Amino acid sequence: MTCPHAAAQAAAAQAAPVVIDPMVRDLAGETARIAAAGPLARIDLLGVPAWAVTRHADARRLLVDPRLVKDLNAWDLWTGGTVTRAWPLIGMIDAGRSMFTVDGEEHRRLRAKTSQALTPRRLEAIRPDIEKFTAELLDALEEGGRDGAVVDLKAVFAQPLPMRVVGMLMGVDPRANAMLTRQYKKFFSMLTPQDERLALLADLDVFYTELVRAKTALPTDDLTSALILADEGGEPLTEEEVVGNLKAMVAAGHETTIGLVLNAVRALLAHPEQLRMVLDGEVPWEAVIEETLRWDTPTTHLLMRFATEDVEVGDAVIPKGEGVVISYRVIGRDPERHGPDADAFDVTRPAPGRHMTFGHGPHICPGAALSRVEVGIALPALFARFPDLRLAVPDAGLRNLPVMTQNDLESFPVLLGT
């Protein structure tokens with residue numbers, strides 16, 4: 001008799017993998033294809049095979065399963081030499097030592113330091129600064145959109161806001177924000193040659209190392225100094241660990257917030273009846289944020305965990321040594337979790353917070369609260385200033401950047417209204 005697990009595994013392995021398009025030309029279609037492939041879908045990431053988890057319940061369980069680790073040395077394709085530094089996505093996995101790349105006690109030690117530095121009290125303390133940045137950027141948006149001119153909401157508002165905020169938190173000279181934005185854009189883009197991507201990663205290491213050394217010599221009231229001086233959770237962080245944490249936090253933090261702002265605006269403009277409910281105070285902005293996070297996730301695929309032994313997922317098995325991707329956009333539309341209308345945007349949806357777009361378990365996104373605070377300020381301020389805001393092109397004309405892991409639009413041209 002054939003083992004059900006073996007039969008399911010054989011069928012999954014023989015099925016054509018869903019190729020993740022580096023140009024992101026059909027995100028909706030790709031989401032549907034991955035979901036249709038089953039709870040454990042075989043995918044192809046630029047020629048590298050992996051498994052994608054597509055169901056909320058499975059992902060929630062696997063994200064706390066100690067058999068799935070962040071340690072790159074648990075990946076057979078890496079230790080066997082099939083995947084090398086020439087693979088364009090390696091920088092998202094092999095990103096230096098930080099809380100994002102270790103597990104267990106070491107992860108708890110590194111994360112404890114970050115938790116000390118990014119407390120609710122600190123977030124409340126910077127709320128006036130976020131409000132000030134928001135107002136300044138809205139002024140710039142208004143100036144650019146005078147006399148009916150088309151203005152790019154991404155370039156003028158959604159992109160600079162989170163970089164200003166995270167730069168302030170880190171104690172970065174504001175003059176470096178534009179450089180950091182350019183570097184991270186090149187890092188994520190699939191159009192960037194790999195040798196150039198590796199070089200810019202080296203440049204970012206130099207930038208953050210110099211920042212850490214300056215703050216070590218002269219600490220100030222910022223996140224970088226707090227990480228250096230944190231005194232709980234075991235041994236102090238090394239210079240490499242502080243650099244790794246900062247580099248990854250800026251990358252994940254500002255990109256996620258850009259996507260969340262634009263995806264929320266896009267969804268509301270496409271559903272004017274729901275926008276009216278929000279503007280009339282019938283639905284809180286928090287519901288908009290949570291429904292957007294579920295329905296149109298800023299992060300499409302989270303790379304990557306590795307199986308240290310065979311791990312069962314339904315009737316299939318993730319074999320030891322293989323890579324696992326959490327496909328958050330697919331999971332956010334799981335009908336088993338969110339009902340038969342999971343593909344619909346609905347700010348009145350019961351319990352909109354039941355998604356896990358910011359992750360789950362030990363590696364849940366440390367910047368989730370910061371992103372929610374930023375967007376919770378930015379969205380109401382934007383629509384209060386420009387209640388007649390509208391797209392300057394058909395929604396179908398919006399295009400994604402060639403970023404395989406992020407739901408990142410090229411631009412967001414708008415008219416500010418009368």
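**Figure 1. Three strands form an open sheet in this predicted model.** The strand order is β5-β11-β10, and the pairing is antiparallel. Strands β5 (151-152) and β10 (390-391) stand at the edges. Each has a single partner strand, so one side of each is left without a neighbour in the sheet. In general, strands of a sheet pair through backbone hydrogen bonds, either parallel or antiparallel.

**Figure 2. Strand β10 pairs with strand β11.** Strand β11 covers residues 413-415. The two strands run in the antiparallel sense and share two bridges. Look for Arg-390: its bridge partner is Leu-415 in β11.

**Figure 3. Pro-413 is a buried residue of strand β11.** Its relative accessible area is 15%. Buried means under 20%, so Pro-413 qualifies. Which residues does Pro-413 touch, leaving aside those up to four places away in sequence? They are Val-150, Val-151, Asp-152, Leu-391, Ala-392, Val-393 and Leu-398. Ala-36 is 377 residues from Pro-413 in sequence, and their C-alpha atoms are 33 Å apart in space.

**Figure 4. Helix α10 has its buried residues on the same side.** The helix spans residues 177-188, 12 residues in total. From first C-alpha to last, α10 reaches 17 Å, close to the 16 Å expected at 1.5 Å a residue. Which residues of α10 are buried? They are Asn-177, Leu-180, Thr-181, Gln-183, Tyr-184, Phe-187 and Phe-188. Why do they share a side of α10? They cover an arc of only 170° around the axis, and that puts them there. Their cover includes α9 (160-170), α11 (194-217) and α13 (239-270).

**Figure 5. Trp-295 and Phe-345 form a tilted aromatic pair.** A pair of aromatic rings is described by the distance of the centres and the angle of the planes. Here the centres are 5.2 Å apart and the planes meet at 55°, so the pair is tilted. The pair links distant parts of the chain, 50 residues apart. Trp-295 belongs to helix α15 (residues 285-295). Phe-345 sits in the loop between α17 (335-338) and α18 (368-385). Are these rings' residues buried or exposed? Trp-295 is buried, with a relative accessible area of 15%. Phe-345 is also buried, at 3%.

**Figure 6. Other aromatic rings make contacts of two kinds.** Ring pairs link Trp-75, Trp-87 and Phe-306 into a cluster. Arg-42 lies over the face of Trp-51, at 4.3 Å from the ring centre. The model has six aromatic pairs by the rule used here.

How values were computed: Residues are numbered from 1 along each chain as its sequence is written. This is a predicted model: local features need pLDDT of at least 70, side-chain atom pairs count only at pLDDT 80 or more; totals for chains, interfaces and linings use all residues. Side-chain values use heavy atoms; hydrogens and water are left out. Helices (H or I, at least four residues) and strands (E, at least two) are DSSP runs, numbered from the N terminus. The expected span of a helix is 1.5 Å times one less than its number of residues. Buried means under 20% relative accessible area, exposed over 50%, partly exposed in between (1.4 Å probe, protein chains only). The arc is that of the directions from the helix axis to the C-beta atoms. Contact means heavy atoms within 4.5 Å. Two strands pair if DSSP finds at least two bridges between them. Rings of Phe, Tyr and Trp (its six-membered ring) pair if their centres lie within 6.5 Å; planes under 30 degrees apart count as stacked, over 60 as edge-to-face and the rest as tilted. A charge sits over a ring if NZ of Lys or CZ of Arg is within 6 Å of the ring centre and within 35 degrees of the ring normal.
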